Protein chains: 2
Amino acid sequence: MEIFKTISEIRKYVKQERRAGKTIGFVPTMGYLHQGHLTLMKEAKKDNDIVIVSIFVNPTQFGPTEDYEQYPRNLEYDATLAKEVGVDIILAPEVEEVYLKGAVTTVRVDGLTDRLCGASRAGHFDGVCTIVSKLFNIVNPDKAYFGQKDAQQVLVIKKMVADLNFDLEIITVSIVREADGLAMSSRNKYLNQKEREAALVLYRSLQLAEQLVAAGETDAKLIKEEIIKLINQEPLAKIDYVEIVNQDNLEDINKIQGEILIALAVYIGETRLIDNLMLELKC
Amino acid sequence: MEIFKTISEIRKYVKQERRAGKTIGFVPTMGYLHQGHLTLMKEAKKDNDIVIVSIFVNPTQFGPTEDYEQYPRNLEYDATLAKEVGVDIILAPEVEEVYLKGAVTTVRVDGLTDRLCGASRAGHFDGVCTIVSKLFNIVNPDKAYFGQKDAQQVLVIKKMVADLNFDLEIITVSIVREADGLAMSSRNKYLNQKEREAALVLYRSLQLAEQLVAAGETDAKLIKEEIIKLINQEPLAKIDYVEIVNQDNLEDINKIQGEILIALAVYIGETRLIDNLMLELKC
């Protein structure tokens, strides 16, 4: 496995491999890798000849009051983990390599980005779409892999790829959880022991929703209220949003039917965590 | 020469040619070809193995009160001209092939697009950047060719290519003029005989500016006033803008020095025409 720091290195490599007829799977990450990321890489390895992982904490997707500076970083350890699952190349550029001085171009997906995390994090998805466009143009992959934990991100990226005619396929991989159910996230590192326990309330509230639906409840408002009630019982938790929406367009739904997404963002202490559940119901 | 109507046809063709090691030059146009376009195609033919020309009147770069519907179209004649200069492929898709229903993604270059044509034509450059991004992703060229007549467009596209890491080179080709100096434009077709004569005032005003600079005039404001005075002598002409700016950032300049752009947009009757002059002065 090699670590490239520059765009010219990765371009040269990709062109050479492409000329040799190799297919390229790409996993864009912000590093501090966990089993969720590694699952994406393993999937990429199954489907492609070459797996390229980018590790880049993208400043433009963080708001001014968010955790860009403190976001955890550990390239050396990341490299060890990536190598173990068969990654061929890590692209780990500095910010100055990625963003030219005076860069002023933004890729924006309207509509889908107004809601859920987009409502809480102004400009976040513009930053995501812009960096992902750049990385797609740099890496030129056949397939790119994203985790379902960022459900809205997956939807936004898929929309962008279709709308801008990127010639690649987006593959989504299910949420990977800790043994006790907490969705894996680099931000889990921020949690102290008490917060780590409290953080379980996200998954438990989704399980409650799943049970209610399984028992035949079809009133989205009622289910949402039950989720909110459960989360509010946890003193360290503060809800950012709880939404029950259509999986395709993220619009609110009243009746639980078809393909729905239950998505939530909750502060545990200072740490903002997200989780979600996708349900497909026969009408 | 072949004419493709679909994205899948052009993709298949490009992949095949690329596998065979061919280089691809791309000339995006809105059709109704004139010698300006043909010069771009000839340049592309010199530099590349394959030349692809797109002919697509892009609705998203026209404002609601602009001439999208009436914009001149003649694919059959365009094909004859393109074939004569050695074009290999024309991509001439329908609007529905290019813009998926519910497309919501925009590529935006800030700053450079606020001025000149961007100030007069709200949303124009968003439309240009979005369609050009799409076409770049569809055609995947090594080099793309743009006419210097759209000086601001060239600058915006170059910025976009750099900022989003498109892996291609933008080649700019000088303005091609009619024998009497009128810059070639598909919109010249709108002009009746009287307007056609009146339209010469654009070029004449640029020539006047060039003479003033050659005679040692360095006051941009004075030169601008002389341009405006000359154009206002033409009863059929109505100025949209006359600007003297820095070539790189389009910012106003006071003193004529370095690399400057004199750009103007003038209505001749109902028809909006643009023209420009680039000067490089030793300081």
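With which residues is A:Q61 in contact, leaving aside its neighbours within four places in sequence? In this predicted model, local features need pLDDT of at least 70 and side-chain atom pairs count only at pLDDT 80 or more, while totals for chains, interfaces and linings use all residues. Residues are numbered from 1 along each chain as its sequence is written, chains are lettered from A and ligands numbered from 1 in the order in which they are written, and side-chain values use heavy atoms, with hydrogens and water left out.

Beyond that sequence window, A:Q61 is in contact with A:M30, A:E66, A:R121, A:H124, A:G127, A:V128 and A:I131, contact being defined as heavy atoms within 4.5 Å. The residue A:Q61 lies in the chain A loop between β3 (50-55) and α3 (75-84); helices (H or I, at least four residues) and strands (E, at least two) are DSSP runs, numbered from the N terminus. With 10% relative accessibility, A:Q61 counts as buried, a class that means under 20% relative accessible area, against over 50% for exposed and in between for partly exposed (1.4 Å probe, protein chains only). The side chain of A:Q61 also makes a polar contact of 2.9 Å with the side chain of A:N58. A polar contact is a pair of N or O atoms within 3.5 Å; within protein, one must be able to donate a hydrogen and the other to accept it, and residues adjacent in sequence count only if both atoms are side-chain atoms. In the UniProt record, an unreviewed entry, the annotation "binding site" covers A:Q61; UniProt positions are given in the numbering used here, feature names are shortened, and annotations may be inferred rather than shown by experiment.

A:R121 is listed among the contacts of A:Q61 and is likewise touched by A:R187. A:R187 is found in the loop between β7 and α8 (193-198) of chain A and counts as buried at 16% relative accessibility. Its other partners, not counting residues up to four places away in sequence, include A:F62, A:D67, A:Y71 and A:R272.

A:L164 occupies the loop between α7 (151-163) and β7 (169-173) of chain A and is buried, at 2% relative accessibility. Outside the four-place window, A:L164 touches A:V107 and, in chain B, B:T105, B:V107, B:T130, B:S133, B:K134 and B:N137.

B:N137 is also one of the residues of α6(B) that meet α1(B). Helix α1 (residues 7-19) and helix α6 (residues 124-139) of chain B pack at about 50°, with their axes 8 Å apart. Axes are lines fitted to C-alpha atoms, for helices over the stretch in contact, and angles run from 0 to 180 degrees between N-to-C directions. The arrangement of α1(B) relative to α6(B) is therefore oblique; angles under 35 degrees count as roughly parallel, over 145 as roughly antiparallel, 65 to 115 as roughly perpendicular and the rest as oblique. From α1(B), B:I7, B:I10, B:R11 and B:V14 meet B:N137, B:I138 and B:V139 in α6(B).

B:A144 lies in strand β6 (residues 143-147) of chain B and is buried at 0% relative accessibility. Its contacts beyond four places in sequence are B:F26, B:F136, B:E169, B:I170 and B:I171.

Over all chains, the structure holds zero disulfides, a disulfide being a pair of cysteine sulfur atoms within 2.5 Å. For A:C129, the nearest cysteine sulfur, that of A:C117, is 13 Å away. For B:C117, the nearest cysteine sulfur is that of B:C129, 13 Å away. Both A:C129, at 0% relative accessibility, and B:C117, with a relative accessible area of 7%, are buried.
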